[in-house]
Each structure stands twice: as structure tokens, then as C-alpha cells.
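These are my notebook entries on a single chain, kept in the order in which I looked things up. I begin with charged pairs, go on to the nonpolar interior, and end with a few local features.

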Amino acid sequence: MLSAVARRGVLARAQAWRPPSSLRHQRWASTTASPNLNSVTEKDLAHFSSFIAPSSILSTLSPSKTPADELTAFNDDWMGRYKGKSTTVLKPRTTEEVSKIVKYCNEKRIGIVPQGGNTGLVGGSVPVRDELILNLSNLNKIRSFDPVSGKVASSIPLTAHLVS
């Protein structure tokens with residue numbers, strides 16, 4: 001068992017340690033998306049538009065032709081550290097739509113980057129290449145909220161559709 005003085009010394013060393021600058025941006029230096037993944041095409045957009053509202057599809061590809069600067073908020077993290085290159089953002093309204101998107105992308109080998117609030121500090125919600133961005137901001141129907149635990153229950157459990 002460590003004495004109080006020894007514990008303080010260990011704690012001080014642990015708090016003072018920072019990774020070398022070469023490791024701080026390691027996510028982007030060492031992460032390469034699988035070369036076996038496909039990019040989103042106009043044909044894929046046509047499929048998504050068969051079950052998603054046009055207002056929930058943002059893409060620089062035809063026929064949508066959203067200006068590239070409108071995708072910046074989805075491609076870049078909120079601190080401006082990481083920048084993605086995705087051409088397409090889908091904003092499904094139901095878990096059934098999420099399930100259809102995930103199933104289709106799995107079949108077509110299209111990479112997916114899920115996004116919630118984009119408040120992370122490590123760039124995990126930023127695409128590495130041109131993966132499809134699956135923005136979950138339209139899944140906003142809340143069934144209940146527990147202020148003590150901070151737990152939120154949505155109107156439809158996400159797993160109900162993803163398992164089937």
C-alpha cells in the first residue's frame with residue numbers, strides 16, 4: 001500500500017503526462033478507410049430517395065446537388081481540427097429508415113459514419129474518406145426522460161429494427 005506522499009507523487013506524474021505531439025493526431029495519421037469500401041453514387045441516392053424524404057438527403061451528387069459548403073457542418077468537427085470529404089448526408093426520421101440504410105450500405109459495401117451532436121473531441125464522427133454520413137438529428141421523438149439518471153427513451157427502440 002502506498003503512503004499518502006507516494007500517492008500524491010504518482011498522481012502528479014500521471015496528470016502531468018501528455019502524449020507526444022506525434023501521437024496527438026494519430027487517428028488521422030494511422031487510420032485509413034478500407035480500400036474495399038465503395039463511394040456513394042447517383043444510383044445509391046435514387047435508392048435512398050425511394051424511402052427517405054428529399055429534405056432528409058443532402059448530397060453534392062446529382063440529382064440532389066446540395067452546395068458543398070452546406071456539408072461542411074457535417075464533414076468538419078466543431079473544433080475545426082478534423083475535416084472530412086463526404087459527399088452525402090442522410091437524416092432518417094425513423095429507426096426503420098436507419099435499418100434500411102444500414103442494410104443497403106452493408107450490401108453495397110458503403111462506409112457509414114454515424115453522427116449525433118458532433119460534440120466529440122477526437123474526430124470520431126468525421127468521415128475519413130467519402131463515407132456516407134448518417135446524421136441522427138431527426139430521430140427526436142422522446143418518450144420519456146429521467147432527470148436523475150439523464151436517460152432518454154425514444155418512441156421506438158433502435159434495436160427493434162436493426163435486429164430484424
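Which side chain meets that of Asp76 in a salt bridge? I looked this up first, keeping in mind that the model is predicted, and found that the partner is Lys83, with 3.7 Å from N to O. I then checked how far each partner is covered: Asp76 is buried, at a relative accessible area of 16%, whereas Lys83 is exposed, at 53%. I note that the pair therefore joins a buried acid, being under the 20% cut-off, to a base that lies over the 50% cut-off for exposed residues.

**Entry on the other charged pair.** I searched the whole structure for salt bridges and came away with two. Besides the pair just described, I found Glu96 and Lys100, whose side chains meet at 3.7 Å, again taken from N to O. These two residues are four apart in helix 6, which spans residues 95-108, so about one helical turn separates them. Glu96 counts as partly exposed, with 42% relative accessibility, and Lys100 is also partly exposed, at 36%.

**Entry on an acid without a partner.** I next looked up Glu131, which I located in the loop between strand 3 and strand 4. Glu131 is buried but forms no salt bridge, and the nearest side chain of opposite charge, that of Arg129, is 5.8 Å away. That distance exceeds the 4 Å cut-off, and the pair is therefore not counted as a salt bridge. What does the side chain of Glu131 reach instead? I found that it reaches two backbone nitrogens, that of Val128 at 3.1 Å and that of Arg129 at 3.0 Å.

**Entry on the nonpolar interior.** The largest nonpolar core holds 15 residues, and I list Phe48, Ile52, Leu90, Ile101 and Leu132 as those with the most contacts inside it. Helix 4 (42-48), helix 6 and strand 4 (132-135) each supply at least two residues of this core, and helix 6 gives the most, with four. I followed Phe48 further and, leaving aside its neighbours within four places in sequence, found it in contact with Ile57, Leu90, Ile101, Tyr104, Cys105 and Leu132. A second, separate core has five residues, among them Leu71, Phe74, Val89 and Ile133.

**Entry on the chain overall.** I counted seven helices and six strands, and along the sequence they follow the pattern α-α-α-α-β-α-β-α-β-β-β-β-α. Of the 164 residues in the chain, 30% are buried. Among contacts with a separation of 6 or more, 64% are between residues 24 or more positions apart. The chain exposes about 10,600 Å², and carbon and sulfur atoms supply 59% of that area.

**Entry on backbone geometry.** Where did I find a cis peptide bond? The bond from Ser62 to Pro63 is cis, with omega near 0 degrees, and Pro63 is found in the loop between strand 1 (57-59) and helix 5 (72-75). I also noted Arg109, a residue other than glycine whose phi is positive, near 60 degrees. Arg109 is found in the loop between helix 6 and strand 3 (112-115), and at 40% relative accessibility it counts as partly exposed.

Conventions:
Residues numbered from 1 in each chain as written. Predicted model: local features only at pLDDT ≥ 70, side-chain atom pairs only at ≥ 80, totals over all residues. Heavy atoms only, no water. Buried < 20%, exposed > 50% of the residue type's maximum accessible area, 1.4 Å probe, protein only. Core = buried A, V, L, I, M, F, W, Y, C linked by side-chain atoms within 4.5 Å. Contact = heavy atoms within 4.5 Å. Areas by Shrake-Rupley, 256 points an atom, 1.4 Å probe, with all protein chains shown as cover. Lys, Arg positive; Asp, Glu negative; His and termini not counted. Polar contact = N/O pair within 3.5 Å; in protein donor to acceptor, adjacent residues only side chain to side chain.
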